[in-house]
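Reader: I've got a new model open on my screen and would like to talk it through. Can we go over it piece by piece?

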Amino acid sequence: MDELGDFSEQLGEAEISNSAMEIPSELPVLPLRDIVIYPFMIVPLFVSRDKSIRAVDEALSQNRMILLVSQKDLDKEEPEKEDLYRVGTVAVIMRMLKLPDGRIRILTQGLSRAKVESISSGKGYVNAELTPVSEPAAAIDSLEVEALVRNVRDSMEKATNLGKNISPEVLAIIANLDDAGRLADLSASNLELKVDDAQSVLDISDPISRLRRVNELLNKEIDVLTVQQEINTQARADIDRSQREYFLRQQLKAIQMELGEGNELHEEIEQYREKTIEAKMPEKAEEETLRQLKKLERMHPDTAETATLRNWLDVMTNLPWSKTSKDNLNLRKAQKILDEDHYGLERVKERIIEALAVRKLKEKPKGSILCLVGPPGVGKTSLGRSIARALDRKFVRLSLGGLHDEAEIRGHRRTYVGAMPGRIVQAIQQAETNNPLIMLDEIDKVGSDFRGDPSSALLEVLDPEQNFAFRDNYLGVTFDLSNVMFMTTANILDTIQPALRDRMEIIQLSGYTEEEKLEIAKRHLLPKQIEENGLLKGDARFADTALKSMIGQYTLEAGLRQLEREIGKVCRKVARKKAVSGKRFKPVNINKSNIAEYLRSPKIFPEVALKKDQVGVATGLAWTSVGGDILFIEAIKTKGKGRLQLTGQLGEVMQESAQAAFSYAKANAKELQINLEDFDKFDIHIHIPEGAIPKDGPSAGITMATALVSALSNRKVRKDVAMTGEITLRGNVLPIGGVKEKLLAARRAGIKTVILPAPNERNLEDLPQEIKRDLTFIFVEHIRNVLPEALLDKKRAAKKK
């Protein structure tokens, strides 16, 4: 690193005359950081870069001359030609000292300005071809020069008086210096200018223009120094005025006490004291509140701290420390309310009624925290509101999506400006009871950054063993959260912190079947949209066929939000007809034949089962964020050398499943009726259509194996069979997830038979009866169980033809 040393000397008179030394046309270059050196300056420099040290050595071995050029970017370690300014200073190295840490210290004196013509670094150091810049003589008798010289002298002295650190020796030299160019350089070197401004002075060869530029920079520096001094003076004046006001206020307070006035603060404190007693706080919280009240009595009413303390007392006295709402313990009534608000979701309702039954038998049980996990639009948040209604509790929803600051949960310390309690305490204050149902929405979207991790703060909130003594930073005392019923919602579990996930009871909500969507639409969505769009009950009559068309051809989702929007769109068009027709309006019937008039052409074209058995095409089942879908896996063999090619934007796990299937087929070729020589003669290409959509996961393993074996053995795959399952290298079939969504997709596509891993048989318990009725299930443990069910042997295929 090349930089200005801890000490520097700027002398008005040079120790070496540049007229006595001839400047060569080529010199080694020493790039400078954060400093510009002018002619006749004597400056010590520390040199640490290897190229710079070699440049100094070269200069000392020749004529001791070196070109000092400032670099534009201070952080550039190896500056190129474009990183250096075009004008530098030729200097002579007067002394050189090697330091123990490998650096060297040199004492340089500027001789003359020089223009850099070209730069090269082939010799191990930066070298430059240069042209010395001769300085024209300034007119000594010129009035302008005389005025500029005097102006600069006066400005330098004024800057010193305003606090600029300029040594008396430099001021003495400036006072006796008449040369305009030398005066400009010496003044600029003592102003601590930015590199750009300092370089702008070095670039000017004409002494009068240079002195004029220095005068401008000097005037700017004086303006800055003047403002700085005014700020310091104002700050001192403010402190003096504040002390004077405090003294006068104390005198005024004494006068008011003598006159019996100024009792407003006393009345306010008495109100706080009454509220504190009425709130029936825990002992420690009441002690702290009364202690702060005594502190408020001794404070002046207009101080900033008084306002902060008032805000804290408002929060403390308004919190529902002892206000509790009475739970509805009538199980039949609660079940009726849950059934009214939501169709299906039996597991969730059953769990809520169980919790209510426990509460009926035990006054204060330690219940678990429920976490409802499922795709968007299946009713997780509305279910929380329904549960609160069934329990006769206040409902407060807190959205945690995008939360990054831990203080949002725990609150800010009240010493900060604008401090407030955390969201949990605010929710309880809003509910006005200490036992509301608080729904923590989107808990899987909580983030973390330098302000802390909100998930870690939630560990205490959601732990029944700890939350009876929850400490909010703003309150400074503990608050009992054990009466609060917490529920959380999430779309996925992967992003939830493991320790936080461990504190919650997970309840999975799957997507709705077509029958469930139809029933929910008739019970809830239609009446809601008809009312919201200003229609009467009989104005729009939706046939079941119309609703089924909307579900299958206009929406693709696990939940119901898009379906509700489509129903709303139809209702708005009916409302428009009614508004235009007036009294002549007749009720509108919406059915399958005229639904396109309201919603235009269908948006969704769901995958359907293949129309015929084919070689190398197997039907798989996939889970997506909006439910399930079927996918076709295609395999063909082409002339080649036994390579496996995979396309369709497959993820790493899916590619590994294909490799495992390929290796299994190769190892068991004889058993699978495959000619072993085909692996040396043919390449295998596996493709999954819809290549724009990324795909990953192990559940397509047996499907890829089936398509691959079909292509190699030239046997057709049954068109009405779909399958899902992970395959191992030994051919074992492992369980998978998302069974309900996948089976819904299979049923929707017209599939008749589904092959599933044997361990997934237990997942059929929660399936709707219509799925069990319409599908045939085959459970397998090994790929050898899959192939006879999925592939047709050549004789059966011939008969089918």
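Reader: Are Trp-321 and Phe-479 buried or exposed?

Author: Bear in mind that this is a predicted model. To count as buried, a residue has to show under 20% relative accessible area. For Trp-321 and Phe-479 the verdict is that both are buried.

Reader: How confident is the predictor in the protein, taken as a mean pLDDT?

Author: Of the residues, 92% reach a pLDDT of 70 or more. Confidence does vary along the chain: strand S26 (residues 753–757) has the highest mean, at 94, while strand S1 (residues 3–4) has the lowest, at 44. Residues 3–20 have a pLDDT below 50, and beyond near neighbours in sequence this stretch makes 44 contacts in the model. For the protein, the mean pLDDT is 84.

Reader: Back to the rings: what kind of pair do Trp-321 and Phe-479 make?

Author: The structure holds three aromatic pairs, and this is one of them. Trp-321 sits in the loop between helix H9 (304–318) and helix H10 (331–341), and Phe-479 is in strand S12 (residues 478–479), so the pair ties together parts 158 residues apart in sequence. The ring centres are 4.9 Å apart and the planes meet at 50°, so the pair is tilted.

Reader: And what kind of pair do Phe-662 and Phe-679 form?

Author: Phe-662 is in helix H21 (residues 652–667) and Phe-679 in helix H22 (residues 678–681), so this pair links parts 17 residues apart in sequence. Phe-662 is buried at 8% relative accessible area, and Phe-679 is buried at 2%. With ring centres 5.8 Å apart and planes at 70°, the pair is edge-to-face.

Reader: Which ring does the charged end of Arg-103 sit over?

Author: There are two arginines to look at here. Arg-182 lies over the face of Phe-40, 4.0 Å from the ring centre. The charged end of Arg-103 is 4.9 Å from the centre of its ring, which belongs to Phe-46.

Reader: Which strand pairs with S2 in the parallel sense?

Author: Strand S2 (residues 26–32) is mostly covered, with six of its seven residues buried. Strand S7 (residues 127–132) pairs with S2 over three bridges, but in the antiparallel sense, and Glu-26 has Glu-129 in S7 as its bridge partner. In the other pairing, Leu-32 stands opposite Ser-70. That parallel pairing runs over four bridges, and the partner is strand S4 (residues 65–70).

Reader: Which strands stand at the edges of the five-stranded open sheet?

Author: The strand order is S9-S10-S13-S8-S14, with parallel pairing. On average, neighbouring strands of this sheet are turned by 25° against each other, direction ignored. An edge strand has a single partner, so one of its sides is left without a neighbour in the sheet; here that goes for strand S9 (395–399) and strand S14 (504–508).

Reader: Which residue stands opposite Ser-399 in S10?

Author: Strands S9 and S10 (residues 437–441) run parallel and are joined by five bridges. Follow that pairing to Ser-399, and the residue opposite is Asp-441.

Reader: At about what angle does helix H11 run to S14?

Author: Helix H11 (residues 346–361) lies across three strands: S8 (369–373), S13 (485–490) and S14. Against S14, the helix runs at about 145°.

Conventions:
Residues are numbered from 1 along each chain as its sequence is written. This is a predicted model: local features need pLDDT of at least 70, side-chain atom pairs count only at pLDDT 80 or more; totals for chains, interfaces and linings use all residues. Side-chain values use heavy atoms; hydrogens and water are left out. pLDDT is the predictor's confidence in each residue, from 0 to 100. Helices (H or I, at least four residues) and strands (E, at least two) are DSSP runs, numbered from the N terminus. Contact means heavy atoms within 4.5 Å. Buried means under 20% relative accessible area, exposed over 50%, partly exposed in between (1.4 Å probe, protein chains only). Two strands pair if DSSP finds at least two bridges between them. Rings of Phe, Tyr and Trp (its six-membered ring) pair if their centres lie within 6.5 Å; planes under 30 degrees apart count as stacked, over 60 as edge-to-face and the rest as tilted. A charge sits over a ring if NZ of Lys or CZ of Arg is within 6 Å of the ring centre and within 35 degrees of the ring normal. Axes are lines fitted to C-alpha atoms, for helices over the stretch in contact, and angles run from 0 to 180 degrees between N-to-C directions.
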